[in-house]
Amino acid sequence: MHKYQKSKDTKAKLAPKQKISYEKKTSDATSLYTAQALNWLRQAEFLMSAPKLSICVEDTGYEIAFAGRSNAGKSSAINTLTNQKQLARASKRPGRTQMINFFSLGNPNQRLVDLPGYGYAAVPEDMKLLWQKELENYLIHRESLQGLILLMDIRHPLQHFDRMMLEWAHSRNLFVHILLTKADKLNRGPANKVLLEVQKELKQSKLNFSIQLFSSLDKQGLAELAGVMAGRLNFTLPLTDQEQPEPAIPSASPRDEQHDS
Ligand SMILES: Nc1nc2c(ncn2[C@@H]2O[C@H](COP(=O)(O)OP(=O)(O)OP(=O)(O)O)[C@@H](O)[C@H]2O)c(=O)[nH]1
Ligand SMILES: [Mg+2]
């Protein structure tokens, strides 16, 4: 074989390799961000339960709220995301979460919120109206609200209230990321089929929201959700020791101290 031709071949063979190493770098950076985001989410602490907006946590910083029908798995998802068994109260009994529950993530200006579920028929009518009013108040007036994580049981997606919520969020330009929860209840094939169908329906309704499969039971989709939360709540990677900026004023050395005395 000709010398020149050989070297060209070698170059061609090298090209895909270089591409792979570049992609690896990117995915390493992504997984580092996700790993740090998961650590950050684990710092979650309960702040308060508010029966109404007027006595909520101060409306500063960034907040993401978990919304969805009663029993969709909101509180369970928060516990899985924060790796804490009982941070939010989950229960077989629908209507378990009854107030607006605030959790801080490392600092009080980055929060997640567990909302009461909508559409639970067994709650007395006057109470239901009161919750709806407060939920509405919260969604409309909360300035720190950066968006919603909207949860739907994968076996009953896009119910009436879900559609209403999505239409409303779209009309107000509010960010929404959808979780099809309890994905462990279906095999992989049927679960992906539902995901595609819901995506298609959303597109047809011009509701361009992101969506993923999720299971609190087997932690499916955990990293993806952590990435979304971190992005919306403005989480940045902590600086390493080498990256720390030089202090503006050098700290006093023991010799300086001797001079002073
Ligand atoms: N198999 C399975 N069950 C789940 C999952 N997530 C939640 N559950 C169950 O679903 C039920 C309701 O979960 P919750 O997290 O309390 O639901 P919620 O949306 O907070 O309900 P409300 O507070 O009533 O609005 C509980 O029995 C959970 O154990 C999941 O990923 N897989
Ligand atoms: Mg709940």
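In this predicted model, the largest nonpolar core holds 45 residues, and among these Phe66 and Leu150 touch the most other members. Strand β5, spanning residues 145–153, supplies the largest share of this core, namely five residues. The protein as a whole has seven helices and seven strands, and buried residues make up 28% of its 261 residues.

**Core and contacts**

- Leaving aside residues up to four places away in sequence, Phe66 touches Lys74, Ala77, Ile78, Leu112, Val113, Asp114, Leu115, Ile149 and Leu151.
- Among contacts in the protein with a separation of 6 or more, 74% are accounted for by residues that stand 24 or more positions apart.

**Order of elements and the sheet**

- Along the sequence, the helices and strands follow the pattern α-β-β-α-β-β-α-β-α-β-α-β-α-α.
- Seven strands form an open sheet with mixed pairing, in which the order is β1-β3-β4-β2-β5-β6-β7.
- The edges of this sheet are occupied by β1 (44–50) and β7 (210–213), and because each has a single partner strand, one side of each is left without a neighbour in the sheet.
- Direction ignored, neighbouring strands of the sheet are turned by 25° against each other on average.
- The edge strand β1 runs antiparallel to strand β3 (residues 100–105), to which it is joined by six bridges, and Ala50 stands opposite Ile100 in β3.

**Helix α4 against the sheet**

- Helix α4, made of residues 160–171, lies across β2 (62–68), β5 and β6 (176–181), and its direction is at about 160° to that of β5.

**Helix α2**

- Nine of the nine residues of helix α2 (residues 74–82) are buried, and the helix is therefore largely enclosed by the rest of the structure.
- The buried residues in α2 are Lys74, Ser75, Ser76, Ala77, Ile78, Asn79, Thr80, Leu81 and Thr82, and Lys74, Ala77 and Ile78 are also among the residues that Phe66 touches.
- Asn83 follows α2 and has a positive phi, near 55°.

**Helix α6**

- In helix α6, which covers residues 222–232, the residues Leu225, Ala226, Met229 and Ala230 are buried.
- These buried residues lie on the same side of α6, because they cover an arc of only 135° around the axis.
- Asn234, with a positive phi near 65°, follows α6.

Methods: Residues numbered from 1 in each chain as written. Chains lettered and ligands numbered in written order. Predicted model: local features only at pLDDT ≥ 70, side-chain atom pairs only at ≥ 80, totals over all residues. Core = buried A, V, L, I, M, F, W, Y, C linked by C-beta atoms within 7 Å. Buried ≥ 20, exposed ≤ 12 C-beta atoms within 10 Å, placed from the backbone. Helix = DSSP H or I, 4+ residues; strand = E, 2+ residues; numbered from the N terminus. Contact = placed C-beta atoms within 7 Å. Pairing = 2+ DSSP bridges. Axes fitted to C-alpha atoms, helices over the stretch in contact; angles between N-to-C directions. Arc of directions from axis to C-beta.
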